[in-house]
Amino acid sequence: MPEAPATVAVLEEAARACRGCELWRGATHVVFSSGPPHARLMLVGEQPGDREDRAGEPFVGPAGAVLTDALDAAGIDPAAVYLTNAVKHFRFEERGKRRLHTTPGTAHVLACRPWLSAELGIVRPAVVVALGATAGRAVLGRPVRVADERGRPLEDADGRTVLLTTHPSAVLRLRGRPEWDAAFDGLVADLALASTEAAGAAS
Ligand code: URA
């Protein structure tokens with residue numbers, strides 16, 4: 001019997017049973033992705049946060065609000081982008097009743113990489129935007145420094161155009177400080193460049 005064609009929905013269903021690393025144990029949901037399955041722009045974050053873990057949806061918390069504002073400011077319809085994460089389960093430390101974000105390790109990124117590869121194969125975005133160093137490492141397959149490599153098109157191992165930029169959480173942390181404007185504007189400029197690259201890419 002021929003295999004059913006893979007879809008994002010099929011992947012998401014399969015990911016619920018993923019035991020590729022230990023992070024599923026503490027998580028409420030696997031947080032897979034949102035957005036159109038054939039979007040021209042794919043945005044890859046680090047991992048779901050507390051709010052995303054509870055909701056089962058990526059970027060629905062405070063970092064997501066910054067990202068939505070930045071997409072709007074870059075002239076990109078937030079509903080037209082495919083949003084996913086390098087790691088699909090929330091990694092955290094418990095402090096009393098609070099669950100504090102802990103950066104995923106290389107082993108978590110590697111364990112989750114097959115999901116991201118499968119998503120790339122289905123969505124086939126014209127441009128991938130890696131939000132922060134963990135996403136950059138997952139997408140490009142090597143350690144990255146955002147400050148050194150942002151603002152210019154890079155290529156992944158399959159020749160796909162990749163833009164590396166700051167994570168919206170890093171911008172969020174600067175709220176109320178003088179550095180906020182430059183950080184937000186930098187994120188907007190990188191997203192706008194990604195949109196221009198996607199518009200110029202053959203479909
Ligand atoms: N940060 C991320 O990287 N991803 C989310 O989904 C939420 C916050």
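**Talking through a predicted model**

Trainee: Which residue in strand 5 is the bridge partner of Phe92?

Mentor: In this model, which is a predicted one, Phe92 has His101 in strand 5 as its bridge partner.

Trainee: In what sense do strand 4 and strand 5 pair, and over how many bridges?

Mentor: Strand 4, which covers residues 92-95, pairs with strand 5 in the antiparallel sense, and four bridges are found between them. The two strands form a hairpin with two residues between them, and Gly96 in that turn has a positive phi of about 65 degrees.

Trainee: New topic, pockets. Which residues lie nearest the centre of the largest pocket?

Mentor: His101 appears again here, since the residues nearest the centre are Ala63, His101, His167, Ser169 and Arg173, out of 27 that line the pocket. The space in this largest pocket comes to about 610 Å³, and the elements that give two or more residues to its lining are helix 2 (50-55), helix 3 (62-73), strand 5 (98-101), helix 5 and helix 7 (168-172).

Trainee: And how many of the lining residues are nonpolar, polar or charged?

Mentor: The lining divides into eleven polar, ten nonpolar and six charged residues.

Trainee: What about the largest nonpolar core, which residues have the most contacts inside it?

Mentor: That core has 31 residues, and those with the most contacts inside it are Phe32, Met42, Val44, Tyr82, Trp115, Leu116 and Val139. Its largest share, seven residues, comes from helix 4. Another core, of 26 residues, lies apart from it and includes Ala70, Ala74, Leu83 and Ala198.

Notes
Residues numbered from 1 in each chain as written. Predicted model: local features only at pLDDT ≥ 70, side-chain atom pairs only at ≥ 80, totals over all residues. Heavy atoms only, no water. Core = buried A, V, L, I, M, F, W, Y, C linked by side-chain atoms within 4.5 Å. Buried < 20%, exposed > 50% of the residue type's maximum accessible area, 1.4 Å probe, protein only. 1 Å grid on protein atoms, 1.4 Å probe; cavity = no way out; pocket = protein on both sides within 12 Å on 5 of 7 lines; lining within 4 Å. Points joined across faces, edges and corners; volume = space filled by probe spheres on them. Nonpolar A, V, L, I, M, F, W, Y, C, P; charged D, E, K, R; others polar. Pairing = 2+ DSSP bridges.
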